[in-house]
Amino acid sequence: MDAPSTSGRHPTGFASISSWPWLHRSTASSGLQLILSSHVDCSSQQSAPTRVLTKAWLPSFGKGRSVNNIWSNRPSPHKPFACGLGAGAGGSMLYGGFAVTQVGGFWPFKSKGKARSKGKKRILVLMSDTGGGHRASAEALRSGFQILYGDQYHLDVVDIWSQHTPWPLNQIPKTYSFLVKNGFLWRFGYYTNQPRIMHQPFLKMTARIARRHMAAAFDHYNPDLVVSVHPLLQLVPLTILQNRIKAGIQRPIKFATVVTDLTTCHNTWFHKDVDRCFVATEEAKQRALAMGIGQHKLTVHGLPIRPAFSQKLPTKRKLRQQLGMDLEKPAVLLVGGGEGMGAIENNIQALVNQVGPACQVVAICGRNKGLIKRLQAKQYPAGMQITIKGFVDNMPEWMTACDMIISKAGPGTIAESLICGLPVLLNGFVPCQEEGNVPFVLKNKVGTYEDKPAKIAEVIRGWVHEKREEFAAMAVHAKEMGQPHAVFRIVEDLAAMCA
């Protein structure tokens, strides 16, 4: 059973303030009144007490508060409101600007720890839906535990930012898509917050603001181990856990980070106090060492890819028969992500113009229904098979049935392609965290990069015709680099941490 969200809904007696040059509290028979020199919307259904029993959403500045009270999710009597200022315009760190935080009313979520099945260990996986890779990695870990250990472990995969932080922190996931589509804003925030001197103060303030929400989540899920698969979920939950343990209100539990980027990892991924840190490449390991994580805590296993990619599949010919593909012609797989982005339509047209019936194309368009309709309505050259698919749940079969892939430089797609022995033609990347994946592919001779459809088609034509030997060598290198069992090695190590 999932925990009720502890963010995003206003409790009784709540006031949301948009601007406040001056603030005054009074009591009256009609209830709590906040008088401001600018607009405020407030309401209360209770007669106005001078002191109420609440659970604060923000730091209170009253005297005499104990450490135990600060870091627990227990109610504490204090005056009916508290004010605070939170940095933020959203993005991966609420980069830039300021936003006034909400004024606390009554705590909306009463935590009740989950009942513990006898002998069953509980693992809390912290993630956030900023891009699809974090949830995919979390679900891969869940599947890995199920395959290796059956029902011996219970995993809760929780979007902790959306469900267990107060406004404006719970709005972070919603801003991700906007920021990555506006490269300047994303780069500015990403690089500005690389140094510890910049990101640590903000994240420590975040821990202070979100402490009661996350404390309630820890009490509810009652984990034996906490695993983070998101760069912003090291310092904040660690700070809250450490203070709760120090105060004697939290039993000691271990904390692990599973880094889901290949090479270009933001510094917030790495915190010296984690018990274990799993990285995918030697490049990521060197960055972790530079950030102060001990050598004994670091393990290079590869990315946690869905266990389906480690299963034995039928031969390529058999798969092509099952999937309705041409049995002989080289197959180009075009992947546009869950939303079918990535200039799929233009790339198909370029392949039609320059390669034609010498190849076949499989386009995975995700949930982009408009794109699917347009592509299915087009007429293609005789003898050139174009297979149009929406969202599919059998990617291992499609990848194994194809010979090469065109995709953006997402770490998960690259890792999956290597497992299947597919040379990768990268045609784009998310600024900052995916940029390092391009030289990674080039250096290891498992693919190339082009972002213009005409140039992409030119590369594919070469792989199909005059550069077939070079292409074959890339496929061999890719297969050698693939790590289909990485998720199981990570799961085994995480299980050992629960012992």
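Visitor: Which residue in β19 is the bridge partner of I406?

Guide: Start with the general idea. Strands of a sheet pair through backbone hydrogen bonds, either parallel or antiparallel. Here, in this predicted model, I406 has L425 as its bridge partner in β19.

Visitor: How many bridges join β18 to β19, and in which sense do the strands run?

Guide: Three bridges join them, and the two strands run parallel. β18 covers residues 404-407 and β19 covers residues 424-426.

Visitor: In what order do the strands of this sheet stand?

Guide: The order is β17-β16-β15-β18-β19-β20. That is an open sheet of six strands, with parallel pairing.

Visitor: Which strands stand at the edges?

Guide: β17 (386-389) and β20 (447-449) do. Each has a single partner strand, so one side of each is left without a neighbour in the sheet. As for the turn between neighbouring strands, it averages 15°, direction ignored.

Visitor: Now β11. Which strands pair with β11?

Guide: Strand β9, residues 121-127, pairs with β11 in the parallel sense over four bridges. Strand β12, residues 254-258, is also joined to β11 by four bridges, and these two run parallel.

Visitor: Which residues stand opposite L225?

Guide: I123 stands opposite L225. In β12, K254 stands opposite L225.

Visitor: Are the faces of β11 covered or open?

Guide: The general idea comes first. In a regular strand the side chains alternate between the two faces of the sheet. In β11, both faces are covered. L225 and V227 lie on one side, V226 and S228 on the other, and all are buried.

Visitor: Why does S228 count as buried?

Guide: Buried means under 20% relative accessible area. S228 counts as buried because its relative accessibility is 0%. S228 lies in β11, which spans residues 225-228.

Visitor: Which backbone oxygens does the side chain of S228 reach?

Guide: One is that of H230, 3.1 Å from a polar atom of the S228 side chain. Another is the backbone oxygen of L233, at 3.0 Å.

Visitor: Which residues does S228 touch, not counting those up to four places away in sequence?

Guide: S228 touches L126, L233, Q234, F255, A256, T257 and V258.

Visitor: Where does I240 lie, and is I240 buried or exposed?

Guide: I240 lies in helix α7, residues 235-247. At 0% relative accessibility, I240 is buried. Its C-alpha atom is separated from that of Q250 by 9.9 Å, and the two residues are ten apart along the chain.

Visitor: What about cysteines? How many disulfides does the structure hold?

Guide: Zero. C359 is buried, at 0% relative accessibility. C498 is buried too, at 5%.

Visitor: What does the whole chain look like?

Guide: Its secondary structure comes to 17 helices and 20 strands. Of the 499 residues, 54% are buried. Take the contacts between residues at least 6 apart in sequence: 69% of them join residues at least 24 apart.

Visitor: Where should the model not be read in detail?

Guide: Where pLDDT is low, the predicted coordinates should not be read in detail. The mean pLDDT of this chain is 80, and 75% of its residues reach 70 or more. Over residues 8-68, pLDDT stays under 50. The model has 137 contacts beyond four places in sequence for that stretch. Over residues 75-112 the pLDDT is also below 50, and that stretch has 141 contacts beyond near neighbours in sequence.

Terms used: Residues numbered from 1 in each chain as written. Heavy atoms only, no water. pLDDT = per-residue confidence, 0-100. Contact = heavy atoms within 4.5 Å. Disulfide = S-S within 2.5 Å. Buried < 20%, exposed > 50% of the residue type's maximum accessible area, 1.4 Å probe, protein only. Pairing = 2+ DSSP bridges. Axes fitted to C-alpha atoms, helices over the stretch in contact; angles between N-to-C directions. Polar contact = N/O pair within 3.5 Å; in protein donor to acceptor, adjacent residues only side chain to side chain.
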